[in-house]
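Welcome! Here are a few exercises to help you find your way around a new structure. Keep the viewer open and work through them one step at a time.

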Amino acid sequence: MEFDGSGWAEGRIELLPPSEGWSLLSPEPEARIDEHRWAHQARVFFGAELTLVQKKAYPSGTTPMADAVEVDIARTSSSSSSTPRAASRVLVMTVPLDRAPLVRAAAAAGVQAIGGRGFDALLARARRVWQVREPPIAGDDARAPLVVTAVLAAVLLAPVVPPGEATIFGVKGARERLQRLGW
């Protein structure tokens with residue numbers, strides 16, 4: 001993937017099938033990536049260090065229609081561990097919801113599978129899809145995509161459609177999954 005001088009992905013961004021990535025449905029229509037906010041959420045609420053590989057700039061306040069970024073994520077080193085944790089790299093992509101009919105259908109199936117529970121209202125407000133590729137593109141922490149997904153769910157107030165499952169959940173569900181995986 002190539003990136004321009006503002007860090008925006010060049011060329012057409014095509015999401016993966018819902019079975020190959022964690023999909024989030026955001027009510028925000030813009031493709032703005034705020035590294036400071038993402039990193040703050042990761043550090044404070046998930047004990048992780050998050051950095052963007054491609055730094056983003058938004059000249060004149062404009063944002064791209066679709067974008068992608070590689071994200072390095074690592075567990076914050078605890079005071080009891082003198083060994084720094086190696087980062088894993090994941091790919092995050094975003095497109096307007098109308099360019100992601102398969103994700104929308106998977107989200108609707110997830111909402112139906114859990115009986116709505118308010119996620120039907122969240123789906124109705126969705127304007128943009130964010131997707132975190134599964135598995136990581138570098139590094140050996142298989143939890144990395146879910147950690148980035150959890151951070152984005154918190155920042156974007158977006159429900160999550162997990163790869164290969166007929167369900168949908170929010171930040172709490174992502175945190176519970178991370179806890180079960182030892183994060």
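Helices (H or I, at least four residues) and strands (E, at least two) are DSSP runs, numbered from the N terminus. This is a predicted model, in which local features need pLDDT of at least 70 and side-chain atom pairs count only at pLDDT 80 or more, while totals for chains, interfaces and linings use all residues. Residues are numbered from 1 along each chain as its sequence is written, and side-chain values use heavy atoms, with hydrogens and water left out.

**Exercise 1.** Find Q54 and describe its surroundings.

*Step 1.* Q54 sits in the loop between β2 (48-52) and β3.

*Step 2.* Its relative accessible area is 11%, so Q54 is buried (buried means under 20% relative accessible area, exposed over 50%, partly exposed in between; 1.4 Å probe, protein chains only).

*Step 3.* Not counting residues up to four places away in sequence, Q54 touches F3, G7, V69 and E70 (contact means heavy atoms within 4.5 Å).

*Step 4.* With the side chain of E70, the Q54 side chain makes a polar contact of 2.7 Å. Such a contact is a pair of N or O atoms within 3.5 Å; within protein, one must be able to donate a hydrogen and the other to accept it, and residues adjacent in sequence count only if both atoms are side-chain atoms.

**Exercise 2.** Which side chain is joined to that of D72 by a polar contact?

*Step 1.* Look in strand β3 (residues 67-75), where D72 is found.

*Step 2.* D72 has 16% relative accessibility and therefore counts as buried.

*Step 3.* The partner is R89, whose side chain meets that of D72 in a polar contact of 2.6 Å.

**Exercise 3.** How many aromatic pairs does the structure hold?

*Step 1.* Apply the rule: rings of Phe, Tyr and Trp (its six-membered ring) pair if their centres lie within 6.5 Å; planes under 30 degrees apart count as stacked, over 60 as edge-to-face and the rest as tilted.

*Step 2.* There are two pairs. W8 and Y58 form a tilted one, 6.2 Å centre to centre with 35 degrees between the planes. W8 lies in the segment before β1 and Y58 in the loop between β2 and β3, so this pair ties together parts 50 residues apart in sequence.

*Step 3.* W38 and W130 form an edge-to-face pair, 5.9 Å centre to centre with 75 degrees between the planes. Because W38 belongs to helix α1 and W130 to strand β5, the parts tied together are 92 residues apart in sequence. Both W38 and W130 are buried.
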